[in-house]
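Student: Please take a close look at one part of this protein with me: the pairing of its charged side chains. I'd like one connected story, with each term explained.

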Amino acid sequence: RSAMEYPACAAHEALINQVLTGRDARILCPYDAVGLSETALADAECTHPVLVAGQEIWQSLRYDPQAVERFNQPLPTPPPEAAHLRFGTVDDLARLREFVISQATAAGVPSGRIEELVLAVNELATNTLEHTTGDGVLSTWTEAGVLVVQVDDTGHISDPLAGRWPPPNLGERGRGLFLVNMMCDLVRVHTTPKGTTLRLHLAL
């Protein structure tokens, strides 16, 4: 996994513990103790309550039920060549969608995936308008065969499982983050009480 992908994978491991709390379930996650870095192995000890090596089984002294917060990390600053668009009202949404279409087309994203990306970004922008008090900023750029689209706003996502649970009816409210996770190849989130950054990745 890349440096951008790895924290999302580790956070997913941590969230499994929250999802399965109180349920009669057992999952075995294999880790290569020889080939992986010390950081990856240390993170595994934080996200798994029980460790196994050969015939030896023991409780992890590093296990943290709230380990997901370890991976709520600030994201790198967008590169200088990134294109930006500020939005603050519902009237801005049409211009925002056109901006995304233009940027994705220029990057070579297939038309079907452009439609998915536009829907995902529109959901994020709508959340910004409905749930925050300030403007949002949309940024786009390409890197290493990936189109990156980022939304920054003043909101705070307090539930680490937001966007992981499918709503009972996709036509209902509360579907936005779930659709974003379904339609993008990688979603990274950094959220604090001062603001949230959501970064979407689509492979080119």
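Tutor: What follows is a walk through the salt bridges and then the helix that carries one of them.

First, some ground rules: this is a predicted model, where local features need pLDDT of at least 70, side-chain atom pairs count only at pLDDT 80 or more, and totals for chains, interfaces and linings use all residues. Residues are numbered from 1 along each chain as its sequence is written, and side-chain values use heavy atoms, with hydrogens and water left out.

Side chains of opposite charge can pair when their charged atoms come close. We call it a salt bridge when a side-chain nitrogen of Lys or Arg is within 4 Å of a carboxyl oxygen of Asp or Glu. The structure holds five of them.

Let's start with Arg70 and Asp43, whose side chains meet at 2.6 Å, N to O. Arg70 sits in the loop between β2 and β3 (83-87), and Asp43 in helix α2 (residues 38-47), so this pair ties together parts that are 27 residues apart in sequence. (Helices and strands here are DSSP runs, numbered from the N terminus: H or I for helices, at least four residues, and E for strands, at least two.) Asp43 is buried, at 7% relative accessibility, while Arg70 is partly exposed at 40%. Buried means under 20% relative accessible area, exposed over 50%, and partly exposed in between, using a 1.4 Å probe and protein chains only.

Asp92 and Arg95 make another salt bridge, at 3.4 Å, N to O. Here Asp92 counts as buried at 17%, and Arg95 as partly exposed at 40%.

Now for helix α4. Arg113 and Glu116 both lie in it, three residues apart, which is about one turn of the helix. Their closest N and O atoms are 3.6 Å apart, forming a salt bridge. Arg113 is partly exposed at 22%, and so is Glu116, at 33%. Asp185 joins these two in a network of salt bridges.

And how does α4 itself lie? The axes of α4 (residues 111-131) and α5 (residues 176-183) come within 9 Å and cross at roughly 150°. Axes are lines fitted to C-alpha atoms, for helices over the stretch in contact, with angles from 0 to 180 degrees between N-to-C directions. α4 and α5 are therefore roughly antiparallel to each other, a label for angles over 145 degrees.

Technical notes
Angles under 35 degrees count as roughly parallel, over 145 as roughly antiparallel, 65 to 115 as roughly perpendicular and the rest as oblique.
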